[in-house]
Structures are given as structure tokens and as C-alpha cells.
Amino acid sequence: MDLDRSSPVPLYYQVAERIESAITSHALPAGSRIENEIALSERLGISRPTIRRAIQEVVDKGLLVRRRGIGTQVVQGQVTRGLELTSLFDDLIRGGQVPTTELLSRETLPASAAVAEALAVPLGSDTLHLRRLRSADGVPVAVLDNVLPADYLDLDTAALQNYGLYQVLRSRGTTMRVARQRIGARRASADESELLELEDGAPVLTASRTVFDDSGRAVELGTHCYRPDLYSFDVTLVQK
């Protein structure tokens, strides 16, 4: 790196700028791994805290991602989702990324009071609980928890691993018409941190959604969390 040590521009900023330039020029293509902090520090003759700050600058811009046990990699790009009734699977495909799904669990459980109210089903009735890990180009993006009423207890496991949930529901003739959604943020649980390859207690974006079909019946209750460095919501505001 052609760093100017006599410049008033901080060294961390110069390093971050060079890394960002290498990424945007595709000298460092998506998936490339960045040297670790110790190696970069020794090679450039710069303190490790300075290197750490430089890398964090680029991570904060969504160009690099830290992956537990793997290191720091160049990302394909952040997934931006408009506030429309779409699935993450469809959004990734539209963004030119390859989605993959790991089905973490599939259980038939009695509806709790909260689930019964959200899905308008009898308290204690059978419901299908799904927990999935969604990745984009091999990088974990979201942990998806979904609850569906008893009509969907027989959803095909292979289909859930190979397609988005909404695709599977559409193939059964279900038409998702409207959804009520709440967006938030919180710290990741230990389990979520491990699945999403985040530092313990790192922040995650959250979305809770209840989806209704064209008859007004609730067909899905979703509670999802996303990596904020790889995912964002895009909102258009119109003055009334």
C-alpha cells in the first residue's frame, strides 16, 4: 500500500481507503479473504489497533464481513429489501445471489397463547414450527423462525430446503395477499451469533411478520433476524 506517513490523513483511514478501492475495482473480488490483523500489521509496519480500525471502517460500509472461524471476506453486496410482501429467497435471486437453506428444525407443537392469537387458531392446536438458516453465496444472512397452522403440517422437507417458504406455499395454491410487519433491532442470542458467524452479542436486525391469504386468513407467523452488515430494509415515504 502506498501509505503517506507524513500526511495529516490518519493511517487507519488511508488503509481503509486502499482496501475499499481494491474491492470496488474488483482487484479483490467477492469471496476474497483479507489478511488477518497481525499479518497486515507486521507487513505494513502499523499498529494492530490501527489495522483493526481500518478494517472495521470497511466492514461498516458493508464491503467486508467477519466470519467466525474463517476470517474477513469481501462480500457480494448487501441485500436491500423493499417493504413488499416478498421472501428473502426471492430477494436474493433478484439480487443475483445464490440462496441456500439449512433446515435447522421442524416440529409440530401446540399453539401458545401468542401463536393462537396471531394465527387465529385454537389454543393448543397443532402448528408447524420451522427454523431455518438462509445464506447468500455461502455467507449466512438470516435465521428464520416460522409458525404455520395445521393445514401445513405436511409441507415437504426437501422443498423447504431447496426453495423459499412462499414458493412452497404458492405451489399448494396459497396466495399471500397482505402482511403486518414490525421491524426492530436487538443483540443476537448465543445461538444466533454462532449461526450467523457474529461476535457474541452483536446487533441484529429483526422482523416479525404475520401473513394473510386472499381470504383474510393468517397463514404464517415469522420471526426473523438478519446480519445488519449484509441486510437492510428500503422504505419509500410519501407525504399525505
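Author: Two strands pair if DSSP finds at least two bridges between them. With that in hand, welcome to this model, which is predicted.

Reader: Thanks! Which residue in strand 6 is the bridge partner of Glu107?

Author: Strand 5 and strand 6 (residues 126–136) run antiparallel and are joined by eleven bridges. Since two bridges are enough for a pair, these strands count as paired. In strand 6, the residue that bridges to Glu107 is His129.

Reader: In what order do the six strands of the open sheet stand?

Author: The pairing in this sheet is antiparallel. Reading across its six strands, the order is 5-6-7-10-9-8.

Reader: Which are the edge strands, those that pair on one side only?

Author: In the order 5-6-7-10-9-8, look at the two ends. Each edge strand pairs on one side only, and these are strand 5 (99–110) and strand 8 (176–187).

Reader: By how much are neighbouring strands of this sheet turned against each other on average?

Author: Here the direction of the strands is ignored. For neighbours in this antiparallel sheet, the average turn is 15°.

Reader: In what order do the three strands of the other open sheet stand?

Author: This sheet is antiparallel too, as its pairing shows. Strand 1 (33–34) and strand 2 (64–67) each have a single partner strand, so they stand at the edges, with one side of each left without a neighbour in the sheet. The order is therefore 1-3-2.

Reader: How many bridges join strand 2 to strand 3?

Author: Strand 3 covers residues 71–74 and runs antiparallel to strand 2. Among the facing residues, Val65 stands opposite Gln73, and Arg66 stands opposite Thr72. The number of bridges joining the two strands is four.

Reader: Which residue in the turn of the hairpin of strand 2 and strand 3 has a positive phi?

Author: The hairpin has three residues between its two strands. One of the residues in the turn has a positive phi of about 80°, and that residue is Gly69.

Reader: At about what angle does helix 3 run to strand 2?

Author: Helix 3 (residues 48–60) lies across both strand 2 and strand 3. Taken against strand 2, the helix runs at about 115°.

Reader: How are the rings of Tyr12 and Tyr13 arranged, stacked or edge-to-face?

Author: A search of the whole structure finds one aromatic pair, formed by Tyr12 and Tyr13 with 6.5 Å from centre to centre. The planes make an angle of 90°. Planes over 60 degrees apart fall in one class, so this pair is edge-to-face.

Reader: Is Tyr12 buried or exposed?

Author: Its partner Tyr13 has a relative accessible area of 38% and is partly exposed. Tyr12 has 17% relative accessibility. The cut-off for buried is under 20%, so Tyr12 counts as buried.

Reader: Which residue lies over the face of Tyr12?

Author: Tyr12 has a neighbour at 3.8 Å from its ring centre. The residue lying over the face is Arg53.

Reader: How many salt bridges does the structure hold?

Author: One of them pairs Glu17 with Arg18, whose closest N and O atoms are 3.4 Å apart. Both ends are partly exposed, Glu17 at 40% relative accessibility and Arg18 at 22%. For the structure, the count of salt bridges is ten.

Reader: How many residues apart are Arg217 and Asp151?

Author: These two side chains meet in a salt bridge at 2.9 Å, N to O. Arg217 sits in the loop between strand 9 (203–213) and strand 10 (218–226), while Asp151 sits in the loop between strand 7 (139–149) and helix 6 (157–162). The pair links distant parts of the chain, with a separation of 66 residues.

Reader: Which acidic side chain meets Arg186 in a salt bridge?

Author: Arg186 is partly exposed, at 37% relative accessibility. Its partner is buried, with a relative accessible area of 8%. The two meet at 2.8 Å, N to O, and the partner is Glu192.

Reader: Which residues do salt bridges with shared partners join into one network?

Author: Here the salt bridges share partners, which joins the residues into one network. Its members are Glu37, Arg48 and Arg52.

Reader: Last one: is Thr210 buried or exposed?

Author: Thr210 is found in strand 9. Leaving out residues up to four places away in sequence, Thr210 touches several others, including Ala118, Val178 and Leu221. Its relative accessible area is 7%, and the cut-off is under 20%, so Thr210 is buried.

Notes: Residues numbered from 1 in each chain as written. Predicted model: local features only at pLDDT ≥ 70, side-chain atom pairs only at ≥ 80, totals over all residues. Heavy atoms only, no water. Contact = heavy atoms within 4.5 Å. Axes fitted to C-alpha atoms, helices over the stretch in contact; angles between N-to-C directions. Phe/Tyr/Trp six-rings, centres within 6.5 Å; stacked < 30°, edge-to-face > 60°. Buried < 20%, exposed > 50% of the residue type's maximum accessible area, 1.4 Å probe, protein only. Lys NZ or Arg CZ within 6 Å of the ring centre and 35° of its normal. Salt bridge = Lys/Arg side-chain N within 4 Å of Asp/Glu carboxyl O.
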